[in-house]
Amino acid sequence: VNSNIYATHNSGGVSETASFNRYVNYAQVSPFVQDVVIAHLPTIDLASLDRRLIGTPLLWDADGSAAGLNRHEPGFETAHEVGRVDAHPGLSLPLHLGGFDVRPEVAVRETYYTKSQAPTAVLDPDTGTYVPVYRSASLDRKDLEAGVELRAPVMERDFTPGWLTHHFDRALRHTIEPEAHYQFVSGIDNFRNILRFDPTDLASDTNEIE
């Protein structure tokens, strides 16, 4: 059961959203049915479109949020409200090289939590499952991000089968749009101490190409 109330304001390339969210999943824990609840009470999100950095060819953007969070499940429960503040600014440089679009980018991210969890889980004797160990200690997560996106010229071809042109006066167009993306994230050395509520908490070191 997912309950969500939100209000969004968009102006000048900046989006501001305030939301209240409560997610409930009912789990069978013999001999009882118990619920898993994750609540955002509330969340404030800010996001901006790319903007030109004055006097340079660089673009900048920034995302951020502030949230009061709560989670409980069989054998585990956080405080009534765990605070989280997340800031994620970045710079990019769009380049056009002989029909190819290249976009290198760098970013930093910092997320502050008022609470955390122990790096290892423990076995809950009542449920027979491993659950996190809640801690009242605060936690600060930082990372450095870099990446590059490459888009090759689009290749296309039109096909004109006789039945299609005869009955509908139309053609079929097939396009191939090659792109590659490399991403590097470094600096997150406390992943196991981070409480999990939503995708914001899943940031981790990576070195990948797609």
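Ala, Val, Leu, Ile, Met, Phe, Trp, Tyr, Cys and Pro count here as nonpolar, Asp, Glu, Lys and Arg as charged, and the others, Gly among them, as polar. With that sorted, have a look at the pockets of this structure, which is a predicted model.

Let's start with the largest pocket, which has a volume of about 270 Å³. Its lining is made of 19 residues, and T43, D45, S65, R84 and T200 are the ones closest to the centre. Sort the lining by class and you get 10 polar residues, six charged ones and three nonpolar ones.

Which strands should you follow to find that lining? At least two residues each come from β1 (2-11), β2 (14-29), β3 (32-48), β5 (59-73) and β7 (82-92). The top contributor to the largest pocket is β3, which gives five residues.

Now move on to the second largest pocket, where about 210 Å³ of space lies. This time 15 residues do the lining, and if you head for the centre, the closest ones are H88, E105, V106, A107 and E145. Two or more lining residues come from each of β5, β7, β9 (100-113), β14 (139-151) and β17 (179-186). Here β7 gives the most, with five residues. As for class, the lining of the second largest pocket has six polar, five nonpolar and four charged residues.

If you'd like a thread to tie the two pockets together, try β5 and β7. Both strands supply at least two residues to the lining of the largest pocket, and both also turn up among the elements that give two or more to the second largest.

Technical notes. Residues numbered from 1 in each chain as written. Predicted model: local features only at pLDDT ≥ 70, side-chain atom pairs only at ≥ 80, totals over all residues. Heavy atoms only, no water. 1 Å grid on protein atoms, 1.4 Å probe; cavity = no way out; pocket = protein on both sides within 12 Å on 5 of 7 lines; lining within 4 Å. Points joined across faces, edges and corners; volume = space filled by probe spheres on them. Helix = DSSP H or I, 4+ residues; strand = E, 2+ residues; numbered from the N terminus.
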